[in-house]
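These are my notebook entries from a first look through this structure. I wrote down each thing I looked up, in the order in which I came to it.

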Amino acid sequence: METVTLQDYKTSEKSWWCPGCGDFGVLAALQKTLVKLGIPPHRVAIVAGIGCSGKMGNYINSYNIHVVHGRTLPSALGVKLANRDLLVIAAGGDGDGFAIGMNHFVHAVRRNIGVKYIVMDNHIYGLTKGQNSPTSDHGQKVKAAPFGNVESPVRPLSLALTAGATYVAQGFSSNQAQLARLTEGAIAHPGFAFVNVLSPCVTYNKVNTYDFYKQMLHDLDEDPDYQPDSRGGAIAAVLEREELVTGLIYHDPRSVAYEDALPGFAEQPLAGRDITLGQEDFAELLASYR
Amino acid sequence: MPKSLAWMIGGDQGEGIDATGDVFGRVLSRLGYCIYGYRHFSSRIKGGHTNFTVRIAADRVLAPQANVEVLVALTQETIDRNGHLLLSGAPLLADSQLKPVLPDGCEARLVEIPLTQFVREVGAAVVRNMVAVGGSAALFGLPLDAFEAYAREKFERKGETVALQNVEALRRGHAFIEELGLRGRFSLPAPRPRERYLMTGNDSLALGALAAGCRIMAAYPITPATDIMENLAGLFPRFGGAVCQMEDELAAITLVIGANYAGARAMTATSGPGFSLMQEGIGLASMAEIPAVVVDTQRVGPSTGMPTKNEQSDLLAAVFGGHGEGQRIVIAPGTAVQAFEDGFEAFNLADRYQCPVIVLSDLALAQWLQSVENLPLGGHAIDRGAIVAQEELDRLTGEFERYRLTEDGISPRALPGMPKGQFLATGVEHASSGKVSEAPQNRISQMEKRSRKLDPLRARAGAIETSRMDDAEVAIVCFGSIVGAVDEAVELLRQEGVRAGRVQVRQLWPMPDIPLATALGGAAKVLVAEQNATGEMRQLMRIAGLEDDRYRSLVHFDGTLLTPGRVVAAVQELSVKEGV
């Protein structure tokens, strides 16, 4: 194992996040986990979306690609397929992942791509100054919905579980020790690992605050009656508590990643492989057009 | 003897009309003829009229012919719709079961052939089409054994009985025409046998991409681009690559960007509607300077348009689509050989210039069969462009400057996995380090850097191709698949004493203004021919300063492929009106 320090993962960039933002906790937990696992920064690619959470890549000294709104997961799949030796992490918010990018979330889940997806879920659009997000509560009043949100929220955990996710966890940004553990589990998981993080927006969300979560969250990791090995049990647990849970919710030990299931797909990274086509192969391919 | 002959088969969709056209064309190709196989079809799976025409010549043909010499009709609708394409006395082979009737004014010779009855006698595994192919072989006086050999080869894997039944079907059809005394009713010009392949532009483009080292293809199915995905899905597993059928084109383009960022060669292929969806992603590739190859096989637009008809109306969207001012390279092949070349070269351009490269194909090129000689694998070398050396990264004391301001605007990139090369690639405006910057001076430097890197392309070798231009008084400028029709028109015009020549623009952006101005310098008239309503290429030429009182437009946008006759007529009209 190479010696990797926290310093290796720091950048010179000053954070744009508001003081007290939940995303600091997510970043810190991720950096600590990478250091603990001894993964050098050049072996990590972070694909970030648009929004406050999308700035993640600005503050961590890995390879970073900051893409268009909502498309972190297909971009991350591209990175993984090009170089499967990389640890590929997609990071985004609830708007990026469950509004504009919802489509890709469900498909990434069912493909079981070898990407770790960390969502910083603050139940609000922060960067555009406080509109309801797809995870905002029913009735939530904001400037763009002054009479209250008439829509029901997306339930990310239930959605992932029913779509066939093989690793589902939820963390809380002020419980860094647990979040680091969940992130570590995600990294070790072959296939798509989804870590939803309840990450309060201190500026625009006056409902889903640190205090709110401290009161409401039930820690399944500490629940002796809970076993994260049954999809049905997991769905029941998150439904019962309206997703106000933390911990490892579900884990399928038989998970096979998309890139391992692709027929004939190279076991070594495509980047760096000899890509010239042999004259004999070419002649054979041409012959099929006679 | 005519230079070429055309054979058409028509019926309902789902009856194997395309497959039959393919068989007829392939056997003729093996016999040494040059083939152009084109079809008429609709966006439905079964039912509705469809037809396939095989144009047969001794030399290269790449355009439809106005009339057909033989029509095989499996439905009365085929006769009603296409009977007028036959000249007086030309044979119309129709299934006698149809009780076929010629439409008013059609002077074709109706030959009723008991296709259905023969099929019933020969066996269930045979379709009427094979009997008709046998009959057609007789009409053209072609050796039946070539057809039999092909049928055996094609049906071998379905078992010996099936193969034998198909051979028997061919024989029945052949014997029937022979008994009518129609064998050799048409004689074909002497063939010039060569090593030839019969393929579509989608086929050759996919091969070009494979040869260039593309190993990831992400796409969403869409007519007429899907064959590229399907071809590569069959090929890639053998070479360690993967085709990803995505949930939409937004996912396809961003997967391609991710893969190219991480050092693989990756592409997507789509048509107009999908291309519109990709515009935001293409902008990201421009801004973050990430190579990306996007094939747009154009069809009629806007919106769903006419999905199975021809048009070249995405040109301005290819060059200027999307918000902001992003840099793109747009190239347009016109033949299957060029589709191979561009399918290969697109990856070199993308890597060298670190930007999106759009390959503008079109329906006729993408889906219609043409004879190909010598796909030149040897003529191309893979060029991955500027990638920073690991030793250079190892020597760095500070951070790697991915977007360093360089004289030619191209900054070497690091690939994820290279130690000490970490950087942020972002669609946000950034400084030379990759870090976000909104400083006015930085904005100007980075915009100028991204723009100037494409300047040398204005004079790129191969950006235009000319034919018969040495003494041309009329220059016909075109791009894409209509080059075949234009070339044929040039020959027809020359037979009539009009000194015409052709200039094909293969790189549409950056517009190769310098070579174009030179090529067009001696022409008294310049006719810009394109398959769209607003003269999109002419607009681009105007922007590049290529406009004066010699320029005229020929626009064609009814969904059919431009014919040589239409081009000839347009030039003749110029001559009459303006006295060339």
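**Entry 1: cis peptide bonds**

I began at B:Pro510, which I found in the loop that runs between β19 (507–509) and α17 (513–520) of chain B. I kept in mind from the start that this is a predicted model. The peptide bond leading into this proline, from B:Trp509 to B:Pro510, is cis, and its omega is near -5°. I then looked for another bond of this kind and noted that the one from B:Thr223 to B:Pro224 is cis as well, with omega near 0°. B:Pro224 also sits in a loop, between β8 (216–219) and α8 (226–235) of chain B. I marked these bonds because most peptide bonds are trans, just as most residues other than glycine have a negative phi.

**Entry 2: positive phi in chain A**

With that second point in mind I turned to chain A, where I looked up A:Asn112, a residue that is not a glycine and yet has a positive phi of about 60°. A:Asn112 belongs to the loop between α4 (102–111) and β4 (116–121) of chain A. Is A:Asn112 buried or exposed? I put it down as buried, because its relative accessibility is 6%, and the cut-off for buried is under 20%.

A:Glu242 also has a positive phi without being glycine, and here the value is near 50°. I located A:Glu242 in the loop between α8 (231–240) and β10 (245–251) of chain A. A:Glu242 counts as exposed because its relative accessibility is 51%, and exposed begins at over 50%.

**Entry 3: the surroundings of B:Leu554**

Next I went back to chain B and looked up B:Leu554, which is part of strand β21 (residues 551–555). Its relative accessible area is 6%, so I entered B:Leu554 as buried. Which residues does B:Leu554 touch, leaving aside its neighbours within four places in sequence? I listed B:Leu527, B:Val528, B:Ala529 and B:Glu530, and after them B:Leu562, B:Arg566, B:Val567 and B:Ala570. I also noted the separation between the C-alpha atoms of B:Leu554 and B:Asn532, which is 9.2 Å for two residues that lie 22 residues apart along the chain.

**Entry 4: domains 1 and 2 of chain B**

I then took up the domain assignment of chain B, which gives domain 1 (4–179), domain 2 (199–379), domain 3 (386–453) and domain 4 (463–578). For the contact between domain 1 of chain B and domain 2 of chain B, I wrote down 16 residues from domain 1 and 11 residues from domain 2. The centres of these two domains, taken over C-alpha atoms, are 34 Å apart.

Together, domain 1 of chain B and domain 2 of chain B bury about 1,200 Å², with 57% of this area on carbon and sulfur atoms. On the side of domain 1, the residues that lose the most area to domain 2 are B:Tyr36, B:Arg39 and B:Phe41, which together make up 39% of what that side buries. I found zero salt bridges between the two domains, but five residue pairs in polar contact across their interface.

Which elements of chain B each supply at least two residues of the domain 1 side? My note names α1 (17–30) and β2 (34–40), and of the elements on this side β2(B) gives the most, with seven residues. I sorted the residues of this side into eight nonpolar, four polar and four charged.

**Entry 5: chain B against chain A**

Last, I looked up where the two chains meet, a contact that takes 67 residues from chain B and 53 residues from chain A. Chain B and chain A bury about 4,900 Å² between them, and 64% of that is on carbon and sulfur atoms. B:Glu247, B:Leu377 and B:Gln422 supply 13% of the area that chain B buries against chain A, more than any other three residues.

How many salt bridges did I count between chain B and chain A? There are three salt bridges, and I looked up the one that B:Arg238 forms with A:Glu284, in which the closest N and O atoms are 3.1 Å apart. I also recorded 24 residue pairs in polar contact between chain B and chain A.

Several elements of chain B each supply at least two residues of the side that touches chain A, among them α1, β7 (196–199), α10 (272–287) and β15 (424–426). The most comes from α9(B), with eight residues. I closed the entry with the make-up of this side of chain B, which divides into 39 nonpolar, 13 polar and 15 charged residues.

Notes
Residues are numbered from 1 along each chain as its sequence is written. Chains are lettered from A and ligands numbered from 1 in the order in which they are written. This is a predicted model: local features need pLDDT of at least 70, side-chain atom pairs count only at pLDDT 80 or more; totals for chains, interfaces and linings use all residues. Side-chain values use heavy atoms; hydrogens and water are left out. Domain bounds come from an automatic or database domain assignment. Contact means heavy atoms within 4.5 Å. Buried area is the accessible area (1.4 Å probe) that two parts lose on being put together, summed over both. A salt bridge is a side-chain nitrogen of Lys or Arg within 4 Å of a carboxyl oxygen of Asp or Glu. A polar contact is a pair of N or O atoms within 3.5 Å; within protein, one must be able to donate a hydrogen and the other to accept it, and residues adjacent in sequence count only if both atoms are side-chain atoms. Helices (H or I, at least four residues) and strands (E, at least two) are DSSP runs, numbered from the N terminus. Ala, Val, Leu, Ile, Met, Phe, Trp, Tyr, Cys and Pro count as nonpolar, Asp, Glu, Lys and Arg as charged, and the others, Gly among them, as polar. Buried means under 20% relative accessible area, exposed over 50%, partly exposed in between (1.4 Å probe, protein chains only).
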